[in-house]
Amino acid sequence: MKKTVKAVAILAMLNTCVYAQELDSTKVNPLKEVVISDTKFALRQEKSGKVIEVITAEDLNKKSGQSLATVLSQVAGMEINGNQSANGKNLGYYIRGGKNRQILILIDGIPVTDASGISFEYDLRLLPVEQVERIEIMKGAASTLYGTGAATGVITITLKKSAKKEIEGNGYVSIGSNNTEDNHKYKGQDFNQGLSVNGNLKKLNYFAGFNSTETKGMSQIEGDNYEPDSFSRQNLLAKLGFKATQKLTLDFFGNYDKIKNDYDLTFDNTGFNDTDTNMTTSEQIRFGVSPKYKYNKGEFILNSGFTKITRDYKELNTFLNTIDYSLYESRSVVLDGFNKYNFSKQLFVILGANYQFNDMKSSTPFSSIEKESTKFNILDGYTTLVYNSNFGLNVNAGARLNNHSTYGNNFVYNVNPSYNFKTSFPLKVLASYSTAYVTPSLYQLYSEYGNANLTSEKNATVEAGFETELLSKKVRLNAVGFFRNQTNAIDFYFDSSTFEAYYINVNGETKAKGVETSLSIAVTSKLQLNGNYTFTQVDKALDRLIPKHKVNSGLDFQATTRALFSVNYQYFDARNDAFFDGNTFGVVTTKLSSYQLVNALVKYELIKSRLTLFGTATNIFNEEFVENVGYSTRGRNFKIGLNIIL
């Protein structure tokens with residue numbers, strides 16, 4: 001019976017899906033939407049040679065109660081592993097067969113990273129979705145415009161900013177359960193609350209916000225009667241904008257983010273991984289300024305930022321029955337200046353220069369690394385030419401020269417033509433070929449396992465697809481096929497006979513290919529169906545935790561101007577996983593079963609434009625499933641909350 005339900009659900013949801021709009025979608029043309037990921041400047045979607053996924057403030061408003069990771073995991077072509085596990089568990093980001101280090105994350109236009117991490121990845125758990133205004137996801141190699149790390153995708157996150165009023169306040173609170181499939185204690189275990197104040201005073205605008213999150217009730221490691229691992233997060237965000245002249249604006253920002261959580265020992269199948277001793281804290285300080293200057297023929301922007309991240313771990317040493325203490329600290333500086341010059345209405349060129357500095361230090365029971373000897377800098381020059389014809393042809397082409405203080409130079413480029421048949425038929429066809437690189441991390445270069453001879457990993461992606469709107473723009477459909485080739489990959493080498501271990505560049509190539517498609521249907525002005533399907537096939541070396549088939553689908557019904565009902569469905573195909581078995585001292589591969597989730601949201605505006613209430617039910621059928629072998633996942637849970645605007 002369960003297999004029958006699953007099959008029917010998949011077939012039904014492949015043709016429909018999740019998303020509703022209060023406005024009549026026949027009045028909105030998504031291809032007219034402005035995106036920035038393709039050129040770093042505002043560009044209408046119809047003139048872009050990419051299918052760029054956009055999550056607007058309105059979309060986020062309809063996903064109340066979800067985390068940032070859960071929101072991103074519903075995007076075509078994306079998988080955020082760990083978003084259904086205990087909040088303290090590390091997240092895995094996957095796009096087109098690439099993982100964390102191959103996906104670049106930008107916050108307000110500035111690349112963010114943890115320079116002390118093994119693979120330079122940024123921890124999305126640091127960021128509460130309540131402070132996010134908008135998200136763009138551009139898939140494919142994009143190092144020409146964005147540099148290192150933009151190998152399989154770029155996630156551009158825009159944080160909230162001031163309203164048009166002189167002063168406006170916002171407060172929100174939610175409480176929910178945090179159960180696994182076999183736990184049915186529906187009580188307050190997940191708490192989220194925050195407030196903000198913002199406004200616009202002629203030449204000055206401001207935003208200040210605070211968020212606090214606390215969860216308990218779940219153990220990271222799966223097991224009967226294991227102790228729960230708590231999670232807490234505090235966030236402070238401040239933004240200040242000053243319009244110096246009609247042409248010059250200055251945007252300042254600063255934020256402090258802190259995570260503190262319990263964690264268990266890594267799963268090894270021994271049954272001794274649960275512990276109430278382990279605790280980790282992660283603190284982030286970011287600040288910077290972004291001047292913007294407009295002139296008759298174009299615009300110049302300088303994005304600058306400083307980031308300091310400190311992580312510490314208190315972990316049980318099972319051999320000595322003592323507590324080990326480890327500390328990691330990193331600093332990153334980014335200066336990215338770029339200029340857009342318009343030769344005409346159809347042709348403009350972007351010239352830019354990017355400087356990055358990273359250093360780190362660490363202290364563990366096994367070794368120490370000093371920041372004086374653990375640092376590098378990057379200086380890149382890049383250019384992109386964009387041609388938007390009057391007859392539908394669009395071309396985006398560019399190149400970048402990367403200069404790294406350790407390994408030298410690296411050259412990447414992209415060519416991205418597209419054609420919009422707007423006069424005869426609402427169809428845009430696109431194609432691209434682009435290359436990318438991923439810089440080895442400080443840890444991979446200079447740690448006790450480091451190799452100073454490492455060079456950058458290289459990626460190349462070719463893609464082709466289309467985007468169209470039918471039936472008076474009530475139906476929107478897009479599809480993209482891709483092929484990605486990865487060479488010179490960085491991996492860890494271990495010799496079991498000599499116990500020699502270090503990082504190396506792997507000879508040979510690995511490949512990934514697939515299809516990403518999305519469909520939205522505005523049935524009426526109140527009812528909308530939306531969904532996406534992703535097919536990903538990768539070589540064996542990349543085949544871990546990546547579902548070959550994935551479906552997101554659902555329905556949004558705007559019953560009245562104040563009442564919204566939403567239901568969504570997700571299907572995850574079987575995935576491969578692996579772990580180190582402490583009993584046999586070998587690596588064991590395993591197959592994780594496919595699973596499906598059904599979630600629902602009810603939202604009601606009690607006082608128009610002032611007070612909104614919401615309730616959610618997740619994993620409604622309480623399905624038992626596994627995201628990572630040996631780790632817990634959430635069962636059926638409920639949440640209620642309210643949002644007040646003053």
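Strands, in the sense used here, are DSSP runs of at least two residues, numbered from the N terminus. In this predicted model, S472 lies in the loop between two such strands, β24 (457-470) and β25 (475-487). The phi angle of S472 is near 55°, a positive value in a residue other than glycine. Most residues other than glycine have a negative phi. With a relative accessible area of 61%, S472 counts as exposed, because the term applies to values over 50%.

A second residue with a positive phi is F120, for which the angle is about 65° although F120 is not a glycine. F120 is likewise placed in a loop, here the one between β7 (110-111) and β8 (132-139). The relative accessibility of F120 is 17%, and F120 therefore counts as buried, since that class takes in values under 20%.

Turning to the chain as a whole, the secondary structure comes to 5 helices and 36 strands. For a chain of 646 residues, a compact globule would be expected to have a radius of gyration near 26 Å, and the value of 24 Å found for the chain agrees with this expectation. The C-alpha trace spans about 70 × 55 × 50 Å along its principal axes. Of the 646 residues, 54% count as buried, while the chain exposes about 28100 Å², of which carbon and sulfur atoms supply 59%. Among the contacts in the chain with a separation of 6 or more, 62% are accounted for by residues that stand 24 or more positions apart. As regards charge, the chain has 70 positive and 64 negative side chains, and the centres of these two sets lie 10 Å apart.

A search of the whole structure for pairs of aromatic rings finds 20 of them. In one of these pairs, the rings of Y186 and F638 have their centres 5.3 Å apart and their planes at 70°, so that the pair is classed as edge-to-face, a term for planes over 60 degrees apart. The pair links distant parts of the chain, since Y186 belongs to the loop between β10 (168-176) and β11 (190-201), whereas F638 belongs to strand β36 (residues 637-645), 452 residues apart. Both residues are partly exposed, with a relative accessible area of 38% for Y186 and of 39% for F638. Another aromatic pair, formed by F287 and F306, is tilted, with 5.2 Å from centre to centre and 35° between the planes. This pair also links distant parts of the chain, for F287 is in strand β15 (residues 279-295) and F306 is in strand β16 (residues 298-317), 19 residues apart. F287 is partly exposed at a relative accessible area of 45%, and F306 is partly exposed as well, at 22%. In addition, Y443, Y449, F492 and Y503 form one aromatic cluster.

Strand β36, which holds F638, is also the place of I644. I644 has a relative accessibility of 34% and counts as partly exposed. When the neighbours within four places in sequence are left aside, I644 is in contact with G169, N170, G171, R610 and L611. Between I644 and Y433, which are 211 residues apart in sequence, the C-alpha to C-alpha distance in space is 47 Å.

M78 is found in strand β4 (residues 78-81) and is buried, with a relative accessible area of 2%. If residues up to four places away in sequence are not counted, M78 touches L72, S73, Y94, I95, I137, I155 and K550. The C-alpha atom of M78 is separated by 38 Å from that of K297, a residue 219 positions away along the chain. R44, for its part, is located in strand β2 (residues 43-44) and is partly exposed, with a relative accessible area of 34%. R44 and V34 are 10 residues apart in sequence, and the distance between them in space is 4.3 Å, C-alpha to C-alpha.

How values were computed:
Residues are numbered from 1 along each chain as its sequence is written. This is a predicted model: local features need pLDDT of at least 70, side-chain atom pairs count only at pLDDT 80 or more; totals for chains, interfaces and linings use all residues. Side-chain values use heavy atoms; hydrogens and water are left out. Helices (H or I, at least four residues) and strands (E, at least two) are DSSP runs, numbered from the N terminus. The radius of gyration is taken over C-alpha atoms; the globule rule is 2.2 Å times the number of residues to the power 0.38. Buried means under 20% relative accessible area, exposed over 50%, partly exposed in between (1.4 Å probe, protein chains only). Contact means heavy atoms within 4.5 Å. Accessible areas come from the Shrake-Rupley method with a 1.4 Å probe; for residues, only the protein chains shown count as cover. Lys and Arg count as positive and Asp and Glu as negative; His and the chain ends are not counted. The place of a charge is taken as NZ of Lys, CZ of Arg, CG of Asp or CD of Glu. Rings of Phe, Tyr and Trp (its six-membered ring) pair if their centres lie within 6.5 Å; planes under 30 degrees apart count as stacked, over 60 as edge-to-face and the rest as tilted.
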